[in-house]
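Here are a few exercises to work through with the model open beside you. Try each task first, then compare your route with the solution below it.

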Amino acid sequence: MNRHFNTSRESSGREVFKRKADDTQESEIKLPKTETDEHYILRTNNADSKLALPVQPDYYDKSFPDYRQPVEIGCFSLDSNRQLFNDARQLKYCVKPTSKNPNFNLRDGYKDRYIKRNDNIKEKLDHILKWILLNKHKFPTLSGDDKSPALSNQLHTDFITWRGHLTKILTTPYENREGWMLAVTLFHGTYYMSEVETEEARRQREQRTEMQEELIYGGYKFEQYLCADKPGGNPNPAGVVNTNEAFCCVVRTRLNGHSLVFSGEVDCKDNSDPRLKAPQCYVELKTSREIYTPNQERNFHRFKLIKWWAQSFLPGVPRIITGFRDDNGMVVSLQSFETMKIHHLVKNERNCWKPAVCLNFCNDFLSFVKKVVTHDDHRMVTLFSWEPGKDISYTVHTDRTYAFLPDWYVENMIIQKGEHNAE
Ligand code: 0WD
Ligand code: CA
């Protein structure tokens, strides 16, 4: 089997008993070691008792879990109107600059050649769900005589989500600034996970300064300097930057016992080696401020590279091309990072992040979701929330406040089931 990493599972289960010494009568009980060696905390108070998941890296510092080589099962494109096409028309082709010290002006066009996506519109999982309906044949079905109609309408996939949501989960043990909320619905045996913007994130988004907006634009502008629309073509820095347009790949993989299908935006393809199949031919593009001091380098290693690593590791994108910009918004140097070698660059930092901790934590979080969400109901949402310094907790919602599976998706899945039954 082709795997990124092979491990033998270690058992490092320690029984921990935590009781809060305050007057809320809330106690935390680390559940005894289980077969799967997970670290739930049973949080009880007088009203009810709930499990919570701790995030401290120590709990997850064991050998690497199995993470299967991600396989691309499809892709889609979003045009300037955010219309979805079941093809690669928006895929761009990477053109390596001849100079290692280019002079790309990342501010060029910010005022007059920028069409910005409306980020007040929450698209949730809609694009992925549309893609699924167009590509149901790509999901494994049960074969043989025991194929039951009820089961044949299942996707045989544990989790469906955006890659960006998984990136946030992977980096949680080391995150100390931004919390998150993830809505989960179990429908026909599959857990759908869709982010809900936190109040704090919304506030930050609405109060962005002009300088922050310009930095966000600069990331897209950098893509324009490095990418051509056609293989063999040339980049066109005189064009408009339209952030509605996107190319997304859909990959299937497995983390220990959890099968995953997720989609992530891909910046461009390296077309120079025709033997490279997707996702190995994909390239992630990034910009970052030039590094002048050891302290800046340390922060880059500790806080930025973990996000870059997690984002590209998940779909198996092997390379990240970075443009380092000066304070005038000019790209003054380029550097290429190999995703699988990023950790070697950072591991000498004190208290540095570890890939195994990120993946073990993700594995336990997904197990936690399966343990907590047991009702198969498209209207029901379990909202998992995390704030820095706290455990992961959840609330259950049966009103439609957080429901995110659209009727057109649910109906399509249910109608198909009825059709099968009628056969
Ligand atoms: O919260 C999210 N990540 C959501 C993403 C919620 C709803 C929709 N989307 C979709 C959009 O359709 C977009 O095309 O995000 C797609 C990208 O998803 P992803 O790959 O799972 O997200 P992530 O890994 O966080 O971001 C990849 C790139 C970013 O590149 P950088 O180099 O900055 O990490 O996608 C862009 C951005 O260029 N991006 C977005 N584009 C449009 N809408 C969004 C967004 N909400 N978030 C990131
Ligand atoms: Ca990028």
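**Exercise 1. Find how much space lies in the second largest pocket of this predicted model, and describe its lining.**

Solution. Start with the volume: the second largest pocket holds about 590 Å³ of space. Next, look at what surrounds that space. The lining has 25 residues, and those closest to the pocket centre are Gln90, Lys92, Gln224, Asp229 and Glu245. Now sort the lining by character: ten residues are nonpolar, seven are polar and eight are charged. Finally, trace the lining back to secondary structure. At least two residues each come from α5 (210-226), β13 (227-228), β14 (241-242) and β15 (246-255). With three residues, α5 gives the most.

**Exercise 2. Identify the protein donors of the calcium ion (ligand 2) and place them along the chain.**

Solution. Begin at the ion and collect the donor atoms: they are Asp267 (OD), Glu284 (OE) and Leu285 (O), at 2.3 to 2.5 Å from the calcium ion. Then read these residues in sequence order, which gives the spacing D-x16-E-L. Two of them, aspartate 267 and leucine 285, link distant parts of the chain, 18 residues apart. Aspartate 267 sits in the loop between β16 (258-265) and β17 (268-269), while leucine 285 belongs to strand β18 (residues 282-289). As a last step, check accessibility: both aspartate 267 and leucine 285 are buried.

**Exercise 3. Work out which residues come nearest to ligand 1, and list some polar distances to it.**

Solution. First take the surroundings: 21 residues lie around ligand 1, and Arg82, Arg163, Gly164, Glu265 and Lys286 come nearest. Then turn to individual atoms. In the side chain of arginine 82, an N or O atom is 2.8 Å from an oxygen atom of ligand 1. For arginine 117, a side-chain N or O atom is 2.9 Å from a nitrogen atom of the ligand. Glutamate 284 places a polar side-chain atom 3.0 Å from a ligand oxygen. To tie this to the previous exercise, recall that Glu284 is also a donor to the calcium ion.

**Exercise 4. Is alanine 88 buried, partly exposed or exposed, and where is it in the fold?**

Solution. Locate the residue first: alanine 88 is in the loop between β6 (84-85) and β7 (93-94). Then classify it: its relative accessibility is 34%, so alanine 88 counts as partly exposed. To finish, compare sequence with space. Alanine 246 is 158 residues away from alanine 88 in sequence, yet their C-alpha atoms are 9.6 Å apart.

Conventions:
Residues are numbered from 1 along each chain as its sequence is written. Chains are lettered from A and ligands numbered from 1 in the order in which they are written. This is a predicted model: local features need pLDDT of at least 70, side-chain atom pairs count only at pLDDT 80 or more; totals for chains, interfaces and linings use all residues. Side-chain values use heavy atoms; hydrogens and water are left out. Donors are N, O and S atoms within 2.8 Å of the metal (3.2 Å for Na, K and Ca); water is not among the atoms, so sites may look incomplete. Helices (H or I, at least four residues) and strands (E, at least two) are DSSP runs, numbered from the N terminus. Buried means under 20% relative accessible area, exposed over 50%, partly exposed in between (1.4 Å probe, protein chains only). On a 1 Å grid over the protein atoms alone, a cavity is a set of points where a 1.4 Å probe fits but cannot get out, and a pocket is an open set with protein on both sides within 12 Å along at least five of seven lines; lining residues have an atom within 4 Å of a point. Grid points are joined across faces, edges and corners, and a volume is the space filled by probe spheres set on the points. Ala, Val, Leu, Ile, Met, Phe, Trp, Tyr, Cys and Pro count as nonpolar, Asp, Glu, Lys and Arg as charged, and the others, Gly among them, as polar. A residue is near a molecule or strand if one of its heavy atoms lies within 4 Å of it. A polar contact is a pair of N or O atoms within 3.5 Å; within protein, one must be able to donate a hydrogen and the other to accept it, and residues adjacent in sequence count only if both atoms are side-chain atoms.
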